[in-house]
Amino acid sequence: MKKSILILEDDSATRFLLTHYLSTEYDLSIYENGLEGLAWLEKGNNADLIITDLEMPKMDGFQFIARARNDDRFRDIPILITSSLDEAQARKKIKCDCPYFQKSVELSSLKSFVSRMLNEV
């Protein structure tokens, strides 16, 4: 059975690339913002990994991470961040020690990292 990844990304080109690189090996659920992703989780869906951007409309990645980490149902799902924000600046606002990939990330490196993360789950 394929592992599942929840992807939160508002940029259509990045969504397309992530889908292209990850869909053959993983079941993907893709949403354009944290609010939609949180609603998906709250409906009882589960993910083995969450990949989130930080800058999104409605609910950004900072808010999503805070909500997910404060909810017992989602607290233990690993989160990987992909963002164009400077990592040092972003980490001041993030309340977790999540892996961080600066955009534009080398997608083969991201795919390898995702594979290693999910093999540990």
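**Contacts, strand β4 and the setting of Glu9**

In this predicted model, residues 24 or more positions apart account for 57% of the contacts in the protein with a separation of 6 or more.

User: What pattern does the protein follow when read along the sequence?

Analyst: The secondary structure comes to five helices and five strands. Read along the sequence, these elements follow the pattern β-α-β-α-β-α-β-α-β-α.

User: What radius of gyration does the protein have, and why does it agree with a compact globule?

Analyst: The C-alpha atoms fill a box of roughly 30 × 30 × 25 Å along the principal axes. For 121 residues, a compact globule would have a radius of gyration near 14 Å, and the value for the protein agrees with this: 13 Å.

User: Why is strand β4 described as largely enclosed by the rest of the structure?

Analyst: Strand β4 covers residues 79–83. Ile79, Ile81 and Ser83 point one way from the strand, Leu80 and Thr82 point the other way, and all are buried. Strand β4 is therefore largely enclosed, the number of its residues that are buried being five of the five.

User: Which residue of β4 stands opposite Ile51?

Analyst: Strand β3 (residues 49–52) and β4 run parallel and are joined by three bridges. Between these two strands the chain crosses through helix α3 (residues 61–69), in a right-handed β-α-β crossover. In β4, the residue opposite Ile51 is Leu80.

User: Which residue of β5 stands opposite Ile81?

Analyst: Strand β5 (residues 100–102) runs parallel to β4, and three bridges join the two. Ile81 is among the β4 residues that are buried. Opposite Ile81 in β5 stands Tyr100.

User: Is Glu9 buried or exposed?

Analyst: Glu9 is found in the loop between β1 (4–8) and α1 (12–22). Leaving aside neighbours within four places in sequence, Glu9 is in contact with Thr14, Arg15, Tyr31, Glu32, Asp53, Met56, Thr82 and Lys103. Buried means under 20% relative accessible area. Because its relative accessibility is 1%, Glu9 counts as buried.

User: With which side chain does the side chain of Glu9 make a polar contact at 2.8 Å?

Analyst: The side chain of Glu9 reaches the backbone nitrogen of Asp11 at 2.9 Å. At 2.8 Å, the side chain of Glu9 makes a polar contact with the side chain of Lys103.

User: What share of the area that the protein exposes do carbon and sulfur atoms supply?

Analyst: Buried residues make up 43% of the 121 residues. The protein exposes about 6,600 Å². Of this area, the share supplied by carbon and sulfur atoms is 47%.

Notes:
Residues numbered from 1 in each chain as written. Predicted model: local features only at pLDDT ≥ 70, side-chain atom pairs only at ≥ 80, totals over all residues. Heavy atoms only, no water. Helix = DSSP H or I, 4+ residues; strand = E, 2+ residues; numbered from the N terminus. Buried < 20%, exposed > 50% of the residue type's maximum accessible area, 1.4 Å probe, protein only. Polar contact = N/O pair within 3.5 Å; in protein donor to acceptor, adjacent residues only side chain to side chain. Contact = heavy atoms within 4.5 Å. Pairing = 2+ DSSP bridges. Right-handed = clockwise from strand over helix to strand, strands pointing away. Rg over C-alpha atoms; globule rule 2.2 N^0.38 Å. Areas by Shrake-Rupley, 256 points an atom, 1.4 Å probe, with all protein chains shown as cover.
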